[in-house]
Amino acid sequence: MALELRPATHADTPVLFAFQADPVASEMAAFPSRDRAAFEAHQRRILADPTVLLYAIVVGGKVVGSVVSWDAEGEHEVGYWLGRDFWGSGFATAAVRAFLEIDGRRPLFAYVAVHNEASQRVLRKAGFVEVRRRHADDVHQVVFRLDIPT
Ligand SMILES: CC(C)(COP(=O)(O)OP(=O)(O)OC[C@H]1O[C@@H](n2cnc3c(N)ncnc32)[C@H](O)[C@@H]1OP(=O)(O)O)[C@@H](O)C(=O)NCCC(=O)NCCS
């Protein structure tokens, strides 16, 4: 089924809230779920920020996840999150590849928990390389970097 990216809107907030509220996904990403109020405030903030690119991942008319880039401490970073019902179908791989055509800024960084093998695989397949490891916010992370234009 064809996968497409489109800019996310406030209408996507409820479904994206549910995806990040999943404890299994939260554990996988080593990223704590936000409660509804905190998540809605976060979405309002990033949707209003022109330096943040937030896209909904849409398959067969359904939002299956999101992919986002932002600036942090002088680095440009990418992240993504899919609903658990949609894991294991190649959607993250396809979404990240498509996003790299939309956001051409390089270098692009990604921080991934050491245990999150699926996410590391997504990045490696997109051309990211591991540059170092770090321990931050109680999480052992692999730092990935992409230099090549897509
Ligand atoms: C990580 C995540 C994005 C992967 O999404 P996905 O759509 O299932 O990924 P894909 O189907 O494109 O699979 C990517 C690769 O990981 C592999 N993979 C999938 N699940 C895996 C697992 N549990 N362990 C190891 N590898 C796994 C797949 O086989 C595939 O590799 P291959 O093409 O060599 O076979 C998704 O599970 C998710 O959103 N998790 C919660 C949030 C998160 O972790 N975000 C990333 C934070 S850095």
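Q: How many residues surround the ligand, and which are the closest?
A: In this predicted model, the ligand has 22 residues around it. The closest are Gly88, Gly90, Thr93, Arg121 and Lys125.

Q: Which elements supply at least two residues of that shell?
A: Helix 2 (23-29), strand 4, helix 4 (91-102), strand 5 (108-113) and helix 5 (117-125) each do.

Q: And where does the largest share come from?
A: From helix 5, with 6 residues.

Q: How do the shell residues divide into nonpolar, polar and charged?
A: There are 13 nonpolar, 6 polar and 3 charged residues in the shell.

Q: What lies 2.6 Å from an oxygen atom of the ligand?
A: A polar side-chain atom of Thr93. Backbone atoms come in too: a polar one of Leu82 is 2.8 Å from a ligand oxygen, and a polar one of Ala92 is 3.0 Å from a ligand oxygen.

Q: How much of the ligand's accessible area does the protein cover?
A: 72% of the 940 Å² that the ligand has on its own.

Q: Switching to strand 4: how many of its residues are buried?
A: Strand 4 spans residues 75-82, and 8 of its 8 residues are buried.

Q: Which residues sit on each side of strand 4?
A: Glu75, Glu77, Gly79 and Trp81 are on one side, with His76, Val78, Tyr80 and Leu82 on the other. Both faces are covered.

Q: What joins strand 3 to strand 4?
A: 8 bridges, with strand 3 (residues 62-72) and strand 4 running antiparallel. Among the bridge partners, Ala72 goes with Glu75 of strand 4.

Q: What about the turn of that hairpin?
A: The hairpin has 2 residues between the strands, and Glu73 takes a positive phi near 50°.

Notes. Residues are numbered from 1 along each chain as its sequence is written. This is a predicted model: local features need pLDDT of at least 70, side-chain atom pairs count only at pLDDT 80 or more; totals for chains, interfaces and linings use all residues. Side-chain values use heavy atoms; hydrogens and water are left out. Buried means under 20% relative accessible area, exposed over 50%, partly exposed in between (1.4 Å probe, protein chains only). Helices (H or I, at least four residues) and strands (E, at least two) are DSSP runs, numbered from the N terminus. Two strands pair if DSSP finds at least two bridges between them. A residue is near a molecule or strand if one of its heavy atoms lies within 4 Å of it. A polar contact is a pair of N or O atoms within 3.5 Å; within protein, one must be able to donate a hydrogen and the other to accept it, and residues adjacent in sequence count only if both atoms are side-chain atoms. Accessible areas come from the Shrake-Rupley method with a 1.4 Å probe; for residues, only the protein chains shown count as cover. Ala, Val, Leu, Ile, Met, Phe, Trp, Tyr, Cys and Pro count as nonpolar, Asp, Glu, Lys and Arg as charged, and the others, Gly among them, as polar.
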